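Hello,

Here is the structure I promised to pass on to you. Have a look at it first, and then read my notes below.

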Amino acid sequence: VFPTIAFLIARCCALGSSTLIYVLAAECFPSSCRIAGVNWGSFAGHLGAVLAPILIDSSPYALIGIAAGCACAVLSLWTLPETQHSELTDSIG
């Protein structure tokens, strides 16, 4: 039962995070380089999806490392600038 529940929670989190990529990209990246930021974020997510099964099969402690990496990624979101009531830029510089 626990693996099924864990899988469903992970799937919901993955769907939510892929939706947030587009919202954050619109606020954090200028129009001229927005698609590059979205592509790098998508690349990182797909790379993690490919490497996670390999890492989990290779070591019993890999799941703890993956969870720690995910926690660090979530905590790093607090360093993003607040964009509420600010003008969004169209170019770099």
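A quick definition before we start: helices here are DSSP runs of at least four residues, numbered from the N terminus. With that in hand, R34 can be placed in helix 2. Please keep in mind that what you have in front of you is a predicted model.

Let me stay with R34 for a moment. With a relative accessible area of 27%, R34 is partly exposed, because that term covers values between the 20% limit for buried and the 50% limit for exposed. Which residues does R34 touch, if we leave aside its neighbours within four places in sequence? They are A25, A26 and F29. C13 sits 21 residues away from R34 along the chain, and the C-alpha atoms of the two are separated by 23 Å.

Next, the way helix 2 meets helix 3. Two packed helices are described by the angle between their axes and the distance between the axes. For helix 2 and helix 3 (residues 62-76), the axes come within 8 Å and cross at roughly 140°. On the helix 2 side, the residues that meet the partner are A52, L55 and I56; on the helix 3 side they are A62, L63 and I66. By type, the residues of this contact divide into six nonpolar, no polar and no charged.

Helix 2, which spans residues 34-58, also has something to show on the surface. A nonpolar patch of about 710 Å² is made there by W40, F43, L47, V50, L51, I54 and L55. Is I54, one of these residues, buried or exposed? Its relative accessibility is 52%, so I54 counts as exposed. L55 is worth a second look, since its name comes up twice: L55 belongs to the patch, and L55 is also among the helix 2 residues that meet helix 3.

Two more residues may help you find your way around:

- G16 is found in helix 1 (residues 2-28) and counts as partly exposed, at 32% relative accessibility. The C-alpha atoms of G16 and L55 are separated by 23 Å, with their positions 39 residues apart along the chain.
- S76 is found in helix 3 and is partly exposed too, with a relative accessible area of 37%. S76 and E27 are 49 residues apart along the chain, and their C-alpha atoms are separated by 16 Å.

Happy exploring, and best wishes!

Key
Residues numbered from 1 in each chain as written. Predicted model: local features only at pLDDT ≥ 70, side-chain atom pairs only at ≥ 80, totals over all residues. Heavy atoms only, no water. Patch = residues over 30% accessible without salt bridge, like charges linked within 9 Å, V, L, I, M, F, W, Y side chains within 5 Å. Areas by Shrake-Rupley, 256 points an atom, 1.4 Å probe, with all protein chains shown as cover. Salt bridge = Lys/Arg side-chain N within 4 Å of Asp/Glu carboxyl O. Buried < 20%, exposed > 50% of the residue type's maximum accessible area, 1.4 Å probe, protein only. Axes fitted to C-alpha atoms, helices over the stretch in contact; angles between N-to-C directions. Contact = heavy atoms within 4.5 Å. Nonpolar A, V, L, I, M, F, W, Y, C, P; charged D, E, K, R; others polar.
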